[in-house]
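Work through the exercises below with the coordinates loaded. Each task is followed by a worked solution.

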Amino acid sequence: MSFGNLNIIDPLLRAIALEGYTTPTPIQMLAIPPLLEGRDLLGIAQTGTGKTAAFVLPILQRMSAEKRARQPGSPRVLVLAPTRELAAQIGQSFATYGKFLRFRHLVIFGGVRQGPQVSMLSQGVDILVATPGRLLDLMNQGYIDLKRVEFFVLDEIDRMLDMGFIRDVKRVVSALPEKHSSLFFSATLNGEAGEFARSLLCDPVHVEASPSASTLDSIDQQVFFVDQNSKNSLLLDLLSREDMKRVLVFARTKHRADRVAQMLAKNRIRADAIHGNKSQNQRTKTMERFRSGQIRVLVATDIAARGIDIDDITHVVNYDLPNQAESYVHRIGRTGRAGACGNAFSFCSADERSFLGDIERLTREKIEVREHKHNHSRPKAALAKKPQSPYKPHVRRVQQRSVEGSPGEQATARRIPHQAWVAC
Ligand code: AMP
């Protein structure tokens with residue numbers, strides 16, 4: 001299967017070729033044909049599956065089939081994303097894939113001055129990518145009118161609900177015209193996220209890229225049982241290894257993220273923290289320094305890390321285990337990208353034992369336990385008391401599959417191991 005088989009138009013094919021993509025990912029294969037036909041879509045997929053191109057490509061194609069004059073503040077496409085980073089990344093995808101088309105896109109989010117955004121809006125934009133707060137703010141001030149929206153994309157619905165955006169999203173939806181296509185994506189459709197999505201879609205095509213498979217194939221996962229107060233020394237010890245070149249560390253709270261970054265800096269490790277209390281400018285600068293290698297370790301909270309798309313993160317360290325197993329999948333999916341092999345180290349203290357159990361149940365994997373010299377009497381004791389995990393011990397090692405084809409094809413095959421299926 002190639003992009004050509006999907007009836008993608010030439011300007012998009014050229015842009016895809018420049019990116020080095022040779023084969024559509026499963027979600028692209030399944031989502032693009034119905035979207036080109038104008039269907040609504042409900043996708044269970046997370047970052048790393050190629051879902052952004054799965055909606056950006058057909059939207060651009062359908063827009064170019066029907067040219068319309070730009071009007072100030074009145075876009076044809078509206079994409080809502082929960083975080084600024086994800087919004088910026090989606091905007092970048094419109095720029096990348098739309099390189100040979102003449103559409104103008106704009107990304108708007110809070111935490112920065114509205115002046116430049118308002119000025120761009122007044123010149124007219126075709127595609128608007130937004131976080132809910134700033135969008136509503138500018139709508140209320142009369143700078144944005146959603147009456148001409150033809151395509152409405154809601155990305156990461158589950159996260160949107162977790163972050164308390166549901167009322168904002170409903171207000172946005174009520175400002176949309178009656179006739180438009182809706183494309184919704186979520187990592188899970190359990191509970192509220194599913195109910196919410198289904199209530200707004202009209203006979204959608206369902207597409208799913210399996211989240212559990214997506215984590216694992218190219219990532220070497222290990223767990224370190226360690227006392228809470230020995231986590232710093234364990235982290236410093238690990239960071240003395242030279243192969244830990246670009247490391248993303250997850251902490252549970254903003255405060256802990258700051259403390260870990262400061263501790264690392266004191267120990268002469270180039271590190272910084274990124275979380276919701278930092279201004280947008282600080283976050284952008286920190287991301288840039290991490291991307292360019294000026295800092296070696298980025299300490300993040302879950303929400304701030306959404307949308308981080310840096311290809312060569314060598315290691316993800318869960319300084320704290322997440323209390324939601326799905327977050328583990330999101331976190332470790334930041335490493336092992338673009339054909340590289342990744343490593344995920346998780347620190348587990350006594351009070352985090354149950355989180356580890358949840359993760360192993362979700363991923364159906366027993367994570368390999370790594371021995372070390374730091375204090376871990378308490379988690380070990382908790383381990384001894386706990387019943388055995390129902391899963392067979394299975395140590396997942398980095399898999400180097402043998403793949404025929406060009407380097408691009410090999411990279412794609414290695415990095416996008418998802419299974420996917422469709423139901424109409
Ligand atoms: P996403 O899931 O949209 O965040 O995409 C994850 C990564 O996959 C991005 O870095 C894309 O550039 C990349 N990607 C998307 N589609 C393909 C493809 N067909 N082949 C190879 N890489 C892709």
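A residue is buried if 20 or more other C-beta atoms lie within 10 Å of its own, exposed if 12 or fewer, and partly exposed in between, with C-beta atoms placed from the backbone. By this count, 45% of the 424 residues of the protein are buried. This is a predicted model, in which local features need pLDDT of at least 70 and side-chain atom pairs count only at pLDDT 80 or more, while totals for chains, interfaces and linings use all residues. Residues are numbered from 1 along each chain as its sequence is written.

**Exercise 1. Overall content**

Task: state how many helices and strands the protein has, and what share of contacts join residues at least 24 apart.

Solution. Step 1: helices (H or I, at least four residues) and strands (E, at least two) are DSSP runs, numbered from the N terminus. The protein has 18 helices and 15 strands.
Step 2: two residues are in contact if their C-beta atoms, placed from the backbone, lie within 7 Å. Taking contacts between residues at least 6 apart in sequence, 79% join residues at least 24 apart.

**Exercise 2. Length and burial of α3**

Task: compare the end-to-end distance of α3 with the span it should have, and list its buried residues.

Solution. Step 1: the expected span of a helix is 1.5 Å times one less than its number of residues. Helix α3 covers residues 51-65, so its 15 residues should span 21 Å. Its end C-alpha atoms are 22 Å apart, which agrees.
Step 2: eleven of the 15 residues of α3 are buried, so the helix is mostly covered. The buried residues are K51, T52, A53, A54, F55, V56, L57, P58, I59, L60 and Q61.

**Exercise 3. Packing of α2 on α3**

Task: describe how α2 and α3 are oriented, and which residues meet.

Solution. Step 1: axes are lines fitted to C-alpha atoms, for helices over the stretch in contact, and angles run from 0 to 180 degrees between N-to-C directions. Helix α2 (residues 26-36) packs on α3 at an angle of about 25 degrees, with the axes 9 Å apart.
Step 2: angles under 35 degrees count as roughly parallel, over 145 as roughly antiparallel, 65 to 115 as roughly perpendicular and the rest as oblique. That makes α2 roughly parallel to α3.
Step 3: a crossing is left-handed if the near helix is turned anticlockwise from the far one by less than a right angle, and right-handed if clockwise. The crossing of α2 and α3 is right-handed.
Step 4: I27, Q28, A31, I32, L35 and L36 of α2 meet K51, A53, A54, F55, L57, P58, Q61 and R62 of α3. With Ala, Val, Leu, Ile, Met, Phe, Trp, Tyr, Cys and Pro as nonpolar, Asp, Glu, Lys and Arg as charged, and the others, Gly among them, as polar, the residues of this contact divide into ten nonpolar, two polar and two charged.

**Exercise 4. Two further helix pairs**

Task: classify the pair α6 and α8, then the pair α15 and α16.

Solution. Step 1: α6 (residues 132-140) and α8 (residues 166-174) have axes 10 Å apart, at an angle of about 45 degrees. That makes α6 oblique to α8, and their crossing is left-handed.
Step 2: P132, G133, L135 and L136 in α6 meet D168, V169, R171 and V172 in α8. This contact holds five nonpolar residues, one polar and two charged.
Step 3: the axes of α15 (residues 325-332) and α16 (residues 353-363) come within 8 Å and cross at roughly 70 degrees. The two helices are therefore roughly perpendicular to each other.
Step 4: A325, E326, Y328 and V329 of α15 meet D358, I359, L362 and T363 of α16. These residues divide into five nonpolar, one polar and two charged.
Step 5: six of the eight residues of α15 are buried, namely S327, Y328, V329, H330, R331 and I332.

**Exercise 5. Backbone and single residues**

Task: place N7 and D203, and give the phi of N7 and of D203.

Solution. Step 1: most residues other than glycine have a negative phi.
Step 2: N7, in the segment before α1 (10-19), has a positive phi near 60 degrees. N7 is exposed, with 11 other C-beta atoms within 10 Å.
Step 3: D203, in the loop between α9 (191-200) and β7 (205-209), has a positive phi of about 45 degrees. D203 counts as exposed, with 7 C-beta neighbours inside 10 Å.
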